[in-house]
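Hi,

I'm handing over the structure we talked about, and my notes follow right below it. Have a look at it first, then read on for what turned up.

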Amino acid sequence: MADPIAVLLFEDDEGQALLTKEALASEGFVVDVCRTGREGLERLFTKDYQAYLIDIKLPDIQGVEVLRRINTVKPGAVCLIVTGHGDEVAAVEAMKVGASDYIVKSPYMGHLAALPLRVREALERYRLRVEREQLQTELWEHARLLEERNAELRRANEELKRVDQLKSDLVSMVSHELRTPLATIREFTGIITDAIAGPVTPQQTEYLGIIKTNVDRLARIIDDLLDMAKIESGRVILNKGFVETGPLIAHVLQSLRPLAQVKQIELTAEVPHASPGVFADADKITQVLLNLTSNAIKFTTGPGRVVIRVQEQENDILVTVEDTGIGIAPEDLPKLFEKFQQFKRVPGFAGSRGTGLGLVISKRLVELHGGRIWAASEEGKGSIFSFILPKYHLEEVFLEYVKSGIEEAKRKQGRFSLVVFSIVNFHELKALYGLEESAKFLREVEALLKETVRRSAGDIVIRWQRGEMVVILAEVDKAGAQIIAGRVKQAIEKHVFQIAGTAFSIPIVVTAATYPDEAMNERELFALCENRLSQAHVARTKILVVDDEPKIRRFLKEALELRDYEVLAAASGPEALEQLKHQTVDVILLDVMMPVMDGYEVYHLLKEDQKTRGVPVIIVTAKGERKDRQLGMDTTHYNYITKPFQLEDLLAKIQEVLKDAKLAKS
């Protein structure tokens with residue numbers, strides 16, 4: 001049962017005091033009554049009360065003054081002012097001074113029924129306020145402690161960074177300092193071994209071979225330490241380019257085959273005939289493959305087998321190195337890519353030990369490329385180390401080249417320029433000769449372009465979309481870019497090319513843009529080049545496709561845009577006629593069977609309009625639909641193609657009507 005609530009009542013009227021006390025006592029309150037303000041204030045020092053009921057009018061001290069003195073002695077005490085009718089203003093004033101609530105006396109004592117509830121509510125508000133203040137205090141204290149802890153962590157983190165930097169600097173310095181005496185040892189060992197300094201006995205030759213082996217091992221350890229220091233300090237810069245995996249793996253095999261042959265290990269590769277390429281740093285990926293493959297050879301006892309495989313997946317290129325070696329214990333697999341981890345794969349294995357950094361370095365290098373590396377193994381049966389590298393779309397490769405070029409220019413405080421050129425009406429060549437012949441032609445143009453640019457070490461030539469060629473010039477300013485642009489244009493337009501046995505010259509348009517003179521980042525530079533190119537380029541042929549079938553409209557739009565036509569689409573005859581009020585097109589591709597207005601009706605309206613009369617129209621009909629004789633079609637200028645049609649036939653028809661239209665104008 002809850003403890004009774006102690007209340008001190010300030011009331012000079014004996015009857016009011018008695019009734020108030022009874023009303024509260026019936027609800028479990030313990031009430032003490034005082035007739036004057038002084039009497040009540042004296043009791044503050046002899047007994048604790050949970051609430052105070054103060055009449056606004058007392059014989060000696062006004063109720064508001066009593067309230068002030070209680071708050072002085074007991075700050076935050078729960079005080080309720082009791083006032084008669086007409087004294088509400090004084091009650092409001094008391095609330096401003098600190099009263100928890102006020103109660104208006106009723107002439108018929110009706111207020112007494114609500115009095116216990118009002119007191120309890122005031123006490124509950126007080127309790128909630130105290131809890132809130134306590135929680136706020138605790139939160140402030142937690143926040144203070146948290147801030148102190150964060151400050152300690154920041155100091156500790158800065159200290160760790162400083163120590164780590166000192167460690168990296170020490171490793172780097174020591175490694176660099178070791179290289180010079182190590183090179184000296186290697187050279188003089190070679191001089192003695194080659195008998196340049198005098199005759200050498202077989203035993204001395206054996207000892208010198210041991211020295212050389214250990215010098216080479218120490219050199220590899222130094223290289224690992226330097227690589228790790230660079231990676232951890234963020235100083236590794238990837239020089240990315242488009243790398244074909246086939247030649248890269250062939251180089252790895254050539255480098256490690258002598259080591260494999262000594263141990264009677266068959267070293268092979270399984271790479272697709274059309275080896276997939278990746279956009280990567282060739283040296284870093286070669287380093288990863290050398291690490292994994294040399295480990296596989298090291299931990300395989302002959303005779304055995306090591307295979308490098310490459311598989312092209314939907315979004316990645318998967319590379320695996322599989323061996324028939326001694327395997328890895330299950331408990332060691334999770335620690336495999338941690339620093340300085342060295343494992344005896346099986347008891348008694350006598351393989352040489354290194355720094356334990358090779359796999360860590362490989363992991364970091366793969367991750368820098370946005371890839372992932374992992375291993376699977378079974379003791380006594382061998383291991384498979386795998387890593388994936390993300391595939392890149394050509395536009396991503398292009399933008400990455402530009403971004404890398406700008407970053408290099410920033411570091412050297414130099415200039416970086418793009419020179420872009422496009423073949424005029426290249427889409428017509430594709431339509432006339434097909435994609436295969438056009439691709440051969442582009443390869444010939446690209447080869448000529450690479451010869452013309454006379455690239456320096458950092459310059460790159462890359463083909464981009466729509467048949468354009470992009471020349472990326474690493475350290476060329478605006479004037480240099482203009483010179484290159486002029487030389488490219490002159491060389492290409494003078495050259496005689498062959499497509500399907502036909503000899504001809506091609507016109508091109510060229511533009512250039514330079515960082516930081518004209519643009520501040522790769523996208524600005526690219527956008528500027530593209531904008532200038534579009535302004536210089538001959539306008540593309542514009543085709544209006546009129547068909548009520550959404551799938552057909554979409555197919556034709558995508559297929560024609562892929563071949564560099566500008567395509568408009570309309571779902572009905574009225575919509576097509578409305579578009580032609582505001583658009584000028586070169587060809588109209590018009591379906592026959594459409595609701596509201598069929599193709600023949602649209603055709604007649606087009607020929608009656610002065611603006612569209614000369615625009616070539618290709619009617620698309622199904623077998624048996626042709627009604628030109630019944631409908632009075634002008635068969636001399638009536639072009640049609642029958643469904644279902646081959647895309648090549650449609651493209652040829654478009655070229656035919658464009659050629660006829662051009663001849664008619666000349």
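**Salt bridges along the helices**

Glu 152 and Arg 149 both sit in helix α5 (residues 111-193), 3 residues apart, which is about one turn of the helix. Before going further, please keep in mind that this is a predicted model. The side chains of Glu 152 and Arg 149 meet in a salt bridge, at 3.3 Å from N to O. Glu 152 has 39% relative accessibility, so it counts as partly exposed. Arg 149 is partly exposed too, with a relative accessible area of 46%.

Helix α10 (residues 394-412) holds Glu 407 and Lys 410, again 3 residues apart, or about one turn of the helix. Their side chains form a salt bridge with an N to O distance of 3.6 Å. As for exposure, Glu 407 is partly exposed at 33% relative accessibility, and Lys 410 is partly exposed with a relative accessible area of 41%.

There is also a network to look at: salt bridges that share partners join Glu 266, Glu 270, Arg 305, Arg 309 and Glu 322.

Another salt bridge links the side chains of Lys 335 and Asp 332, at 3.9 Å from N to O. Is each partner buried or partly exposed? Lys 335, at 33% relative accessibility, counts as partly exposed. Asp 332 has a relative accessible area of 12%, and because buried means under 20%, it falls in the buried class. In total, the count for the protein comes to 33 salt bridges.

**Aromatic pairs**

How many aromatic pairs are there? The count comes to 3. One of them is formed by Tyr 49 and Tyr 52, which meet edge-to-face, with 6.0 Å from centre to centre and 65 degrees between the planes. Tyr 49 and Tyr 52 are both buried.

Phe 337 and Phe 385 form another edge-to-face pair, with their centres 6.4 Å apart and their planes at 75 degrees. This pair links distant parts of the chain, 48 residues apart: Phe 337 is in the loop between β10 (316-323) and α9 (358-368), while Phe 385 belongs to strand β12 (residues 382-390). Phe 337 is buried at a relative accessible area of 16%, and Phe 385 is buried at 4%.

**The parallel sheet**

Next, please scroll to the sheet that holds strands β19 to β23. It is an open sheet of 5 strands with parallel pairing, in the order β20-β19-β21-β22-β23. The edges are taken by β20 (566-570) and β23 (639-643); each has a single partner strand, so one side of each has no neighbour in the sheet. From one strand to the next, the twist averages 20 degrees.

Within this sheet, strand β21 (residues 587-591) pairs with strand β22 (residues 617-622) in the parallel sense, over 4 bridges. If you want a residue to start from, Leu 589 has Ile 618 in β22 as its bridge partner.

Which helices go with the sheet? Helix α14 (residues 550-562) packs on it, touching β19 (542-546), β20, β21 and β23. The direction of α14 makes about 170 degrees with that of β20. Helix α17 (residues 647-665) lies across β19, β21, β22 and β23, and runs at about 175 degrees to β23.

**One more spot**

Arg 68 is in helix α3 (residues 63-73) and is partly exposed, with a relative accessible area of 38%. Arg 68 and Gly 98 are 30 residues apart along the chain, and their C-alpha atoms are separated by 7.7 Å.

**The protein as a whole**

Finally, some overall values. The protein has 17 helices and 23 strands. Of its 666 residues, 41% count as buried. Taking contacts between residues at least 6 apart in sequence, 66% join residues at least 24 apart. The accessible surface comes to about 36700 Å², and carbon and sulfur atoms account for 54% of it.

Happy browsing, and best wishes!

Technical notes
Residues numbered from 1 in each chain as written. Predicted model: local features only at pLDDT ≥ 70, side-chain atom pairs only at ≥ 80, totals over all residues. Heavy atoms only, no water. Pairing = 2+ DSSP bridges. Helix = DSSP H or I, 4+ residues; strand = E, 2+ residues; numbered from the N terminus. Axes fitted to C-alpha atoms, helices over the stretch in contact; angles between N-to-C directions. Contact = heavy atoms within 4.5 Å. Buried < 20%, exposed > 50% of the residue type's maximum accessible area, 1.4 Å probe, protein only. Areas by Shrake-Rupley, 256 points an atom, 1.4 Å probe, with all protein chains shown as cover. Salt bridge = Lys/Arg side-chain N within 4 Å of Asp/Glu carboxyl O. Phe/Tyr/Trp six-rings, centres within 6.5 Å; stacked < 30°, edge-to-face > 60°.
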